[in-house]
Amino acid sequence: MRNKKKDETDFDIFIIGGGVNGAGILRDAAGSGFKCGLAEMGDFGSATSSSSTKLFHGGLRYLESYQFRLVKESLRERDILLNLMPHISWPLQFILPHNKNLRSYWILRLGLYIYDLLGGSTKLSKSVGFDLRNNPFGSCLDQSYTKALAYTDCWVEDSRLVLLNILDAEKRGAKAFSYSKVTNVQRKNGHWLVSIKSKERSFEIKTKVLINTMGPWVNSLGQVEKNKNKQVMVRLIKGSHIVVKKLFNHDNAYIFQGKDGRIIFSIPYENDFTLIGTTEVEHKEGDEVKCSDEEKDYLCNFASDYFQKKLTKKDIVWDYSGVRALYESKNVEARNASRDYSFQLEEKEGAVLLTVYGGKITTYRKLAEKAVSKITSLLKLKRTEWTSTKHLPGGGFKLEDKEKLIVGILKKYKFLNRDWAERLFKTFGTDVEKVLGKAKTKKDLGRSFGSDLTEREVLWYINQEHARCVDDLIWRRSKLGLRLSSKQVRELNSYIKKLN
Ligand SMILES: Cc1cc2nc3c(=O)[nH]c(=O)nc-3n(C[C@H](O)[C@H](O)[C@H](O)COP(=O)(O)OP(=O)(O)OC[C@H]3O[C@@H](n4cnc5c(N)ncnc54)[C@H](O)[C@@H]3O)c2cc1C
């Protein structure tokens, strides 16, 4: 905790890996007064943290493997996080259809009762059971499902969550480098020397504390450091999702139980689509992180057991995959392996290394809080935990005021239609006006790239949000990749290239 203006390459804390855990720690550490930095080898959040099911949830199914501590912490976090970012997160009700071939209805009811109890006092609705016959939630489903249960968790735009943590950390004085790979680390005179390579330059930074939040690559730092015997066993599990055209006309999600004991979700996505996932496939480092044909068939067949519409690979408009790094989980099925996190803290010759294993999107804030507290106590410093009450950029409003704020935007910017205003609000929250400025007409926002993407928005992503290439822009800053034609993407790509 010292003068932030000191040497630009001299840090208290430096983080390798700009997924949700690295970004969360960067924000917490910056707001706690540390001079800190982060290097991410791709775009921020471009690995696992933009490939999740996008839920702040306790994880109903983790009750089956007795992960009560994790479920309780996650449910409490769900409520805290919703308050901090009500523009990119919102409550989502899940319908769990039931027929006699599935787990007993009463066991599920009991599971949800425990889930409600672990959630404590919450603004979100408690679980209920109901009859699916003559109910709009049953009309898109196979008619054998006559009963259902419903419970509520939260949706989150995962890639924007990472980005907003980075942006807020920067506002608090942190340095964050994307497309910058850490190629070597070494201890020297009570510090770490970290070598970083980007397309434009190679440079070295010095730090007292090094934090490894490299997710699926967590053990590759051991290789550069030649300290393999200290590595914790990490199990890599690939999970894929598919996106199809909208399968139902309401904004609740479904959770389906499969014959193999697994579950999948079908979630309303980007107004016109349904997101279906996930799979769990053992993954080897170096293998391609891609949704295979088998996974596509598996998800289509699984969902077709429930929906009246029978899905095939031809219905898929987009798919994505990510890799979980699960720790200490050798002899259990992937679905039962712990989703909890752990830390390894070591100090040698005065240089500190904190390695983060596992974790969920939902627990990132708590994980970051614990990580920074571990470091402050090791360094015998005092600190006040602060991240549970300070909203992320654009999130400084109450969830119940969201509609009023969207209507306000429509009034101020008369050229916007409802879908456009809503999309912008769910992206930028209360910062929408900073993006649109004094525009009176659509023309004032410059060139149009298709769908409702304008030059103003593109430049905002590039100048204010670290977007470098077309994929950053259409898949992580926004999800406009689902709407733009390949010709429009090509044109956007050449526009961005000309700027660089
Ligand atoms: C299919 C799937 C669904 C999921 N769904 C949910 C969900 O709904 N809710 C939930 O709470 N959790 C969910 N999770 C879990 C959650 O996504 C992960 O726990 C979380 O994203 C992990 O974040 P991370 O920061 O540890 O890893 P990552 O996001 O993978 O970040 C690690 C980063 O380190 C970078 N890196 C690696 N090596 C270097 C280097 N040498 N130099 C610089 N950078 C480097 C990588 O590029 C990467 O961006 C899901 C996971 C998967 C796979």
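1. **His57.** In this predicted model, His57 touches Ser74, Tyr115, Asp153, Lys360 and Thr362, leaving aside residues up to four places away in sequence. His57 sits in the loop between strand S3 (55-56) and helix H2 (68-84). Its relative accessible area is 13%, so His57 counts as buried, the cut-off being under 20%. One of the contacts, Thr362, returns in the next point.

2. **Polar contacts to the ligand.** Thr362 places a polar side-chain atom 2.6 Å from an oxygen atom of the ligand. Glu40 also works through its side chain: an N or O atom there is 2.7 Å from a ligand oxygen. With Met41 the backbone is involved. One of its N or O atoms lies 3.0 Å from a nitrogen atom of the ligand. How much of the ligand does the protein bury? Taken alone, the ligand exposes 1,000 Å², and the protein buries 96% of that.

3. **The shell around the ligand.** The ligand is surrounded by 36 residues. The closest are Glu40, Ser49, Leu55, Gly359 and Thr362. By class, the shell divides into 19 polar, 12 nonpolar and 5 charged residues. Which elements each supply at least two residues of the shell? They are helix H1 (20-31), strand S8 (180-188), strand S11 (234-245) and strand S16 (316-327). For anyone setting up a binding-site selection, these are the segments to find in the viewer.

4. **Asn252.** Strand S11, one of the elements of the ligand shell, leads to another polar residue. Asn252 is placed in the loop between S11 and strand S12 (253-257). Is Asn252 buried or exposed? Its relative accessible area is 10%, so Asn252 is buried. The side chains of Asn252 and Gln93 are joined by a polar contact of 3.2 Å. Gln93 is also among the residues that Asn252 touches, along with Ile95, Phe137 and Pro268; residues up to four places away in sequence are not counted.

5. **Cysteines.** How many disulfides does the structure hold? The count is 0. Cys300 is in no disulfide, and the nearest cysteine sulfur, that of Cys291, is 8.8 Å away. A disulfide needs the two sulfur atoms within 2.5 Å, so the distance from Cys300 to Cys291 does not qualify. Cys300 is buried, at a relative accessible area of 1%. Cys469 is partly exposed, at 30%.

6. **Backbone: a cis peptide.** Most residues other than glycine have a negative phi, and most peptide bonds are trans. The peptide bond from Gly277 to Thr278 is cis, with omega near 20°. Thr278 lies in the loop between strand S14 (273-277) and strand S15 (281-282).

7. **Backbone: positive phi.** Asn189 has a phi near 45°, a positive value in a residue other than glycine. Where is Asn189 placed? Its loop runs between S8 and strand S9 (191-198). S8 is one of the elements that supply residues to the ligand shell. Asn189 has a relative accessibility of 72%, so it counts as exposed. His466 also has a positive phi, near 65°. His466 is in the loop between helix H11 (455-464) and helix H12 (470-477).

Methods:
Residues numbered from 1 in each chain as written. Predicted model: local features only at pLDDT ≥ 70, side-chain atom pairs only at ≥ 80, totals over all residues. Heavy atoms only, no water. Near = heavy atom within 4 Å. Polar contact = N/O pair within 3.5 Å; in protein donor to acceptor, adjacent residues only side chain to side chain. Areas by Shrake-Rupley, 256 points an atom, 1.4 Å probe, with all protein chains shown as cover. Helix = DSSP H or I, 4+ residues; strand = E, 2+ residues; numbered from the N terminus. Nonpolar A, V, L, I, M, F, W, Y, C, P; charged D, E, K, R; others polar. Buried < 20%, exposed > 50% of the residue type's maximum accessible area, 1.4 Å probe, protein only. Contact = heavy atoms within 4.5 Å.
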